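This report describes the fold of one protein chain from its atoms. The sequence and the structure are shown first.

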Amino acid sequence: MQDDDGRALRQARDFRESSRRSFLIGSAAAAVVAADLVTTRVIQSQRDQTRILPLDDEDARARFPNDRWVLFPGYKTSWEEGLWILNSLRPALSRRAQMAVMGYSNRGLDINNVVATMNRYVDNFRLEKLYFYGHSFGGMVAVEVAARLRDRGIPVELILLDSSPSSRYDVLDQRMFDGVVLLYEAGVRVPISLRGTYELGERIVHKNERTWSQIVDQTLEQLSPLAPSSELIQTESSYIYHFDVSRFRLSLGDTKVVFAGNPNDGVVDYVTARAGWARSLPDNVVSVDHRTEGALPAHASPQWNPAIYQDVVSAVQREYVPVLRGGGWKRFF
């Protein structure tokens, strides 16, 4: 009987200690999550305005004071990741112009606001030559912005589309994509607190596109306070869903458009995307034959595969925007 009583007392003590540890661990985890959400809201509120973020390069600044490469980031790409992508392309892009990234507002993607921001940027720096790099869905935005800038007499020399869908039908995971848009247009907003779970699920669905370490890295990026807001992500989805490239068929003037992609892309259908751009913009698309084969992930990943993408950018620049001899132009690249 005494043994039974002793055993019961030990179990009660162990349960109490276990409960205390669980409570402390749970409380600490809750405090971390709460702090992350507070920090996230503060940082995201500071990014309410669309901004163009420069990537300084002293040599490019000296050689090209009035020329810019502007990168339009892809789906769910933060300002920091946009600068990371641009920096990975710096050795090639800096051979033609200075560099900057379009930072979308966390209040949501507003194309009118993006165009107005670009107009002010051109005026403020008295830009003479513009080149656009469309990273994934950012290629759609780049095409529309270029078309609308031309209405003001500001031509864009070149748009390089990096694995960009020409329409929503080029997106392979239609069920997930349709669901995000359906929720957004029904007035449902995904709360900040759920974005990590949402991101992890999507990354795992596309696990064949990424190594597990990349899945972890990219999921943690979306959990970061620096990640895009849920509202921005939902408005980007809606923009892709309603994008109609045929509207710009006669609006791009002499702008050259080059599509580069990867046949192994598991996010955007390489075959239909390249065909869609060529068919929809026949007067502007000059090439759909540049490939980023060997890149992992296969979809729009300059930051992970800089050498592969730098070679593509260099080849495109040599062929379609060659450096002129004479004056301040020193040599061919």
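The text below treats the overall composition, the sheet, the helices packed on it and the nonpolar cores.

The model is predicted: local features require pLDDT of at least 70, side-chain atom pairs count only at pLDDT 80 or more, and totals for chains, interfaces and linings use all residues. Residues are numbered from 1 along each chain as its sequence is written, and side-chain values use heavy atoms, with hydrogens and water left out.

**Overall composition**

The protein chain has 11 helices and 7 strands; helices (H or I, at least four residues) and strands (E, at least two) are DSSP runs, numbered from the N terminus. Of its 333 residues, 51% count as buried, where buried means under 20% relative accessible area, exposed over 50% and partly exposed in between (1.4 Å probe, protein chains only). Among contacts (heavy atoms within 4.5 Å) with a separation of 6 or more, 83% join residues 24 or more positions apart.

**The sheet**

An open sheet of 7 strands follows the order β1-β3-β2-β4-β5-β6-β7, with mixed pairing; two strands pair if DSSP finds at least two bridges between them. Its edge strands, β1 (51-55) and β7 (285-291), each pair on one side only. On average, neighbouring strands are turned by 20° against each other, direction ignored; the axes are lines fitted to C-alpha atoms, for helices over the stretch in contact, and angles run from 0 to 180 degrees between N-to-C directions. The pairings described here are tabulated below.

| Strands | Sense | Bridges | Opposed residues |
|---|---|---|---|
| β2 and β4 (residues 129-135) | parallel | 6 bridges | R68 and L130 |
| β2 and β3 (residues 98-103) | parallel | 4 bridges | R68 and Q98 |
| β1 and β3 | antiparallel | 5 bridges | P54 and A100 |

R68 thus appears in two pairings, opposite L130 in β4 and opposite Q98 in β3. In strand β2 (residues 67-72), 6 of the 6 residues are buried, so the strand is largely enclosed by the rest of the structure. Both of its faces are covered, with D67, W69 and L71 buried on one side and R68, V70 and F72 on the other. Together with helix α3 (residues 79-93) and β3, strand β2 makes a right-handed β-α-β unit; right-handed means that, with the strands pointing away from the viewer, the path from the first strand over the helix to the second runs clockwise.

**Helices**

Helix α10 (residues 270-280) lies across β5, β6 (256-261) and β7, running at about 160° to β7. Helix α9 (residues 230-242) has 13 residues and reaches 19 Å from its first C-alpha to its last, close to the expected 18 Å, which is 1.5 Å times one less than its number of residues. Since 10 of the 13 residues of α9 are buried, this helix is largely enclosed by the rest of the structure. The buried residues of α9 include L232, I233, Y239 and I240, and also Q234 and E236.

**Nonpolar cores**

A nonpolar core is a set of buried Ala, Val, Leu, Ile, Met, Phe, Trp, Tyr and Cys residues joined through side-chain atoms within 4.5 Å. The largest has 50 residues, of which F72, M118, F132, V141 and V145 touch the most other members. Helix α5 (residues 138-150) supplies the largest share of this core, 8 residues. Apart from it lies another core, of 26 residues, among them L55, W69, V258 and V313. Not counting residues up to four places away in sequence, F72 touches residues including M102, M118, F132, V141 and V145.
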